[in-house]
Amino acid sequence: MVTRIFKKLYLYLVFLFLYAPIIVLVIYSFNDSKSRGHWGGFTLKWYAALFQDREIAQAVYHTVLIAIISSVVATVIGTAAAIGIQNMKKIKRTIILNLSYLPVLNPDIVTGVSLMILFIFMKTFTGVGLGFTTMLLSHITFNIPYVILSVLPKLKQLDRNLYEAALDLGAKPGYALRKVIIPEIMPGIVTGFLLAFTLSIDDFVISFFTTGSGVSNLSIYIYSMARRGINPKINALSTIMFVLVLILLIIVNLRLSKDKENTKDLKVNSSLRRRGELNGKSY
Amino acid sequence: MKRTWYAYPYVVWLLIFIVVPLLLIVYYAFTEITDEGVRFTLNNIIRLRDPIYLRVFLRSVWLALISTIACLLIGYPVALILASKEYRKKRILALFFVIPMWINFLVRTYAWMTLLEKNSAINVILNFLKLPPLNILYTDQAVVLGMVYNFLPFMVLPIYSVLVKLDKSIIEAAEDLGANYFIILRKIIIPLSLPGVMSGITMVFMPAITTFVISRLLGGGHYTLIGNLIEQQFIFTGDWNFGSALSFVLMIIILLSMLIMRKYDKDYEGGGAIW
């Protein structure tokens, strides 16, 4: 009995540690007084200020646009790559997979600066300076490996005979791919897409190094504001982002509880994903 | 089905955006620009032996180490409790543990700025209780706190997933043979959960040693951690050669420790044979 109370107490203490900062942040976002020492009454003025801020609107626009484009492109390239890799000879497959793990295992900061060097280096040939395009290319780059890692296990489970049966019955290879293989690996593709989307929305380090002046996403915006100290507008922005994440999580969990198979897959691969976001969905 | 060509667009992408950038890092790390042009050098690497930079390195390792140990000490009991009989059914609790991880990393770190500053809620409460105020914002303690806060779930989840899969009959057998809880913990649960502990340590230590955001927002001064030093070289100083040398060394440290950790991580499965 004593140990049970102790267990509960410990757990709640850790939860307090995890949630207290967020809750305080949310409360402050409604605080009328700029000094955070005392409560100056309820206000929505920080939210009003937030919605009038053109810079924030731009940052949101960039974040969402890059997340959508990069996750769609990464899903297409990654899924095709997974199908190709699956059929490769062992040596080639091992080499490509190991290279694919590099951006997953490498510190983000190293990936970020290496891409930054590349883009500045290439500017002399392409004329494209650091900015929206380079940030988008970087996001596609770090997203593709996660799509491949989500699709490959599904391909391994795939019964080879299915595809051959389709060919025997007169399907053209392209038709068999569309009608047999793609539907079978669809859960993996969707997982990869969602993962890519969330990683892109959430990324700071790589974006920070690969963007140019004037183009920032939400993370970069918060960083540049927070460096100058505390700002109630960030509190309001953070609160909105927190609520959106909660809603998204509820939707994703409802979806995943329907798709048990998928959940199991996520768990198996969880140790691979140092970014950990993926772990989230599997519990 | 011979469709290897499906992977070709990716292979091209891989070469341009993953392989070439890393080669550029190596190139810049080992060259310098002199009057006669670019030449091979080890000077950038040797420059790391300068006490100023050496101190930054040691400090990064030290703070990451403390954070990792703190995460392990706080996180292991959490995983143990969450995986224990009375909480196993309550999946929702484990989910609560994960939600903070979904919040933007910068928001999480920024939240501690509001909590630690002079007029914060914590200090109002401490003041009310007639206790001395907590003034740790812009110190190393705040950095460690930020790391522990951000990376604690990375420690708990791998350990939790190993503990949940643990064969209950082994523990029951030990109980039948008269072992008390502490013996079971020491002789069975802890040794069997080591793979989870190892991946937990990796998942906390790696981001902790490479971060520059936490130290910039919660720590003081400019040269706090390796990450800040790299940021400094590329964003402000523009010394790509030295910045690349730093990145190169950091990359080697990370990949080597990954390699060592993988040997312990039996859960690991994937296409990789090297990593």
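Guide: Quick term before we start: domain bounds here come from an automatic or database domain assignment. Also, this is a predicted model, where local features need pLDDT of at least 70, side-chain atom pairs count only at pLDDT 80 or more, and totals for chains, interfaces and linings use all residues. Residues are numbered from 1 along each chain as its sequence is written, while chains are lettered from A and ligands numbered from 1 in the order in which they are written.

Visitor: OK, which domains does chain B have?

Guide: Domain 1 of chain B covers 1-41 and domain 2 covers 56-264.

Visitor: How far apart are the C-alpha centres of those two domains of chain B?

Guide: They lie 33 Å apart.

Visitor: And how many residues of each are in the contact?

Guide: Six from domain 1 of chain B and six from domain 2 of chain B. Two residues are in contact if their C-beta atoms, placed from the backbone, lie within 7 Å.

Visitor: What supplies the domain 1 side?

Guide: Helix H1 (8-29) and strand E1 (31-34) of chain B each give at least two residues. Helices (H or I, at least four residues) and strands (E, at least two) are DSSP runs, numbered from the N terminus. H1(B) has the largest share, four residues.

Visitor: Switching topic: how many residues do chains A and B put into their contact?

Guide: Chain A brings 74 residues and chain B brings 84. On the chain A side, the largest share is twelve residues, from H1(A).
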